[in-house]
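Student: Could you take me through one part of this structure at close range? I would like to see how a pair of helices fits together, and then what lies around that pair.

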Amino acid sequence: MEEKVDSGKKNFFKIFYEEISKSSFTIIILAIFTGLILGGIIACATTKEIYDAFGESFSTGIIESLKFIWKTYSSLFRGSFGNPKEMVDSLFSGDSALIRKAFKPFLESLVVTTPYLITGVAIALGFQAGVLNMGGEGQLFMGSIMAGWAGWTFKGLPPIIHVPLALLIGVLAGALWGFIPGWLKAKTGSHEVITTIMMNYISFSLSQYLITGPFQDPNESFKTRFIEESAHLFRFFEDPLRLHIGFIIAIAVAVIAWYVLYKTTWGFEFRNVGLNPDASKYAGINASLVTILAMTFSGAIAGLSGAVEMLGVNFRAVQSLTTGYGWDAIAIALLAKNHPLVVIITAMLFGFMRQGSRIMQINTGIPIDIISILQAFILFFIAAPAIIRTIYRLKNPKETEPEVEISVSGEKL
Amino acid sequence: MEPILELRGITKRFPGVLANDHIDLKLYKGEILALLGENGAGKTTLMNILYGLYTQDEGEILINGKKIDIQNPTDAINAGIGMVHQHFMLIPVFDVTENVMLGNEYTKNGGFLDKAKAAKQILDISEKYNLNIDPNAIIEDLPIGLQQRVEIIKILFHEAEILIMDEPSAVLTPQEVDELFKIMHTLIDQGKSIIFITHKLREVMECADRIMVIRGGKVVGEAAPENADPEKLAAMMVGRPVELKVEKELATPDGTVLEVKNLTVVNKNKKIEVDDISFEVRAGEILGIAGVQGNGQTELVRCLTGLMKAQLGKISVLGTETTNCAPRTITELGVAHIPEDRQKDGLVLPSPVQDNLILNTYYQKPFAKGIILQPEKIHQNAEKLIKDFDIRTPSSIVPVSGLSGGNQQKVIVAREFSRPIKLLIASQPTRGLDVGSIEYIHRRLIEKRDDGCAILLVSTELDEVMQLSDRIAVMYRGKINAIVDADIVTKEELGLLMAGIDTEIDTEKRKPTRVHEIVT
């Protein structure tokens, strides 16, 4: 049965994944930089005022464009971090209401970062063990709805029991959603990219059925009931600040994942199976078991992410198509080269951009979608490093290795 | 006489590596020039430049005294240069004609393939050079030796005058190698010229007209086989004196360590790969398994080490049955395995050297306490093994992919030898290694044998099997044709057995008739 875990064949995802894991952090940083420039150009190209300015004269056009780009990115920055001047002033004034107002964008960004971070760690963990979990979205849905169920079903529990219980149920739901594709891959050789995506659809339909059926709020259609107060995650500040303990949980998950991956025998097995399943089997590692475990853990963490969103922010499930966290998490994990601690940074990049773009839309009228375009550019440049190398005249790292010589001749080392 | 091909001052640099350093080479019409050198010496780079796969940084190529510019293989083919690659470029399900005409198809009646014309031409070539190839044969039905001839026909079909042959003997039985040399001589008699790349001294001595030795990207010597001395050539290749013969005492075998009874292994496609074989290996002896690649050796080893299931039969190690046990169970009994494909099975290339050195012991003390790894112990272990086994690496934390083939193999040997082992299964332990590393690995194997370890050595290099083994089993089509005493059997006899010829020997030797006398 060990034979079934397919390792030799490369598919599209595998190639993409390997290409990204090989790229250096220089490439990633330059890709982000280039993405920002191109994002600015696209923002200009979609704005009428810029065309008018170019109609006047070329130089006015350029100046207006630069002004516009500055305005875009500065409002993006203010939206995600806050206005530095207001922040400093509020601290000096000592007025707690002012401080809360000034720091709200930053704290809100952390709230938005939380699901990105947890799901990013989930996907990174899977990638490290060589399983390409495309099902973060579905696992997150399951974690969310089941945590919600636990949130409104159990009544009269103290928070210290209710919250962990609801989180645990969310984790188990996600774990089940990860276990099934993992088990299928190990036992039948079916490719997890296909099965996890299929599991996503099952999860969407199932949660839709639950929200409009058994879990539906008797007073309101297409929504579930609210969870009990006792299941709410602890919040650090008064309303409207929503920063909750989920962010701390997220950081802890990243640190634990890092510790397990790099400091324990389990992590040793995970990483080596991910890098070379054949050699791992040779070394006596049960590669099938690792595959199943990696998918299960990945699903469990994604489930936790959904549970935290439910108990910390949403408090009820609403019929919706998709949150996109599960997909963005793939990009976040790849940007971090699957290192759980780096995921903290890349998840913040995504979370802050997402939060900032809302403010940006209000201030400049540039649609939030520009952020998706920006993120797409960044990923595109990381996936096609040759472009970045050409633009910035970086040396191709492959050329320094004499292996090129050997592979062309078809002769093995 | 003007050379048909001349290379002047060819230089090729890769960042950090000078692959070819002002190489001058002359090839005259109707001769076989052997390019002798270790892996990584630069001979393949040089030939890839000539064949247009690389472009030289400096230097020029002259054909018949005229300077030419070769940018890609098409230029090379047009200039009359053809190359037989080590790995054949043939489509297995096509027939000979289709393979040969591929890329250069004859057509008739406005677009229809004219196979008959091509087949006729192939037949002519085959007769002219004594190649004995049927244009209608399907490639996958042909033995490797004949497939190689199809490659040669492909080149001649493109009217090449200069043939480059890259390690052509690597895939052949000794008899097929002799046949190949005959064909090479027919070719030069008909006016073709051949550049023959190899690292095998014996072959050079046998068939070359002129020998050029390359080391570190430079031409370090030239010789004619008549007055060349193998020891000196080897020293030239490696850059220091080399011990070509393996010194070893007579084996003093002890109790049985590995016992295999009626083992049958079937692959995924239900094809029988190992067919009802039985043998045993005793402590303190080396049993060599000789055979042409692809006769079931790979599957035998995978089955013995738990990587493949046995269909029938029984395997036991020191009296414990291990048939279809997990690899880890077998490893923990004291079985070490040097795998055939070291980069695929033996190493996790992107992982650091120190992780590869504990690949199958990482969970044991002192490398782990419970599930917590002990980085300090892992590091100390690596430092010690790097020193003891002379692994050339910048540090213990660089990825093992950055090491040379020989040093990668040393990592595996160090890992497997550093734990108490009773049985060593070594599959192609020196494949693709340079002379220096081969010498080293051979010495280590003999040392291990003398320590009382039982060794099963699987190798397609007949010389290696003959030099190291105490007894030799020959595998052909999944069966063991014979188990013979290494001191008595001749190379010719083994060659015949490897080719499955001489069924008389086969039946006679089914049971080992020549009992190994223990002389102490």
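**A helix pair in chain A**

Tutor: Happy to. In this predicted model, helix α8 (residues 159-188) of chain A and helix α9 (residues 192-212) of chain A have axes that come within 9 Å and cross at roughly 150°. Angles over 145 degrees count as roughly antiparallel, and α8(A) and α9(A) are therefore roughly antiparallel to each other. The crossing in which α8(A) passes α9(A) is right-handed.

Now for the residues that meet there. On the α8(A) side they are Trp177(A), Ile180(A), Pro181(A), Leu184(A) and Lys185(A), and the α9(A) side offers Glu192(A), Thr195(A), Thr196(A), Met199(A) and Ser203(A). By class, this contact of α8(A) with α9(A) holds 5 nonpolar, 3 polar and 2 charged residues.

Let's stay with helix α8 of chain A and turn to Gly170(A), which is found in it. A residue is buried if 20 or more other C-beta atoms lie within 10 Å of its own; Gly170(A) has 33 C-beta neighbours inside 10 Å, so Gly170(A) counts as buried. Setting aside residues up to four places away in sequence, Gly170(A) touches Gly143(A), Ser144(A), Met146(A) and Ala147(A), along with Gly303(A), Leu304(A), Gly306(A), Ala307(A) and Met310(A). Phe68(A), by contrast, is 102 residues from Gly170(A) in sequence and 44 Å from Gly170(A) in space, C-alpha to C-alpha.

From here we can step out to the nonpolar core. The largest one has 254 residues, and the members that touch the most others are Val121(A), Leu311(A), Val343(A) and Val474(B). Helix α13 (residues 287-314) of chain A supplies the largest share of this core, with 15 residues. Val343(A) gives a good local view: beyond its neighbours within four places in sequence, Val343(A) is in contact with Leu117(A), Gly120(A), Val121(A), Ala124(A), Ala254(A), Ile332(A), Ala333(A) and Ala336(A).

Finally, a look at where the two chains meet. Chain B brings 39 residues to the contact and chain A brings 24 residues. On the side of chain B that touches chain A, the elements giving two or more residues are β2 (17-27), α1 (43-50), α10 (327-332), α11 (342-346) and β20 (372-373) of chain B. The most comes from α11(B), with 4 residues. Sorted by class, this side of chain B has 20 nonpolar, 15 polar and 4 charged residues.

How values were computed. Residues numbered from 1 in each chain as written. Chains lettered and ligands numbered in written order. Predicted model: local features only at pLDDT ≥ 70, side-chain atom pairs only at ≥ 80, totals over all residues. Axes fitted to C-alpha atoms, helices over the stretch in contact; angles between N-to-C directions. Parallel < 35°, antiparallel > 145°, perpendicular 65-115°, else oblique. Left-handed = near helix turned anticlockwise from the far one by under 90°. Contact = placed C-beta atoms within 7 Å. Nonpolar A, V, L, I, M, F, W, Y, C, P; charged D, E, K, R; others polar. Buried ≥ 20, exposed ≤ 12 C-beta atoms within 10 Å, placed from the backbone. Core = buried A, V, L, I, M, F, W, Y, C linked by C-beta atoms within 7 Å.
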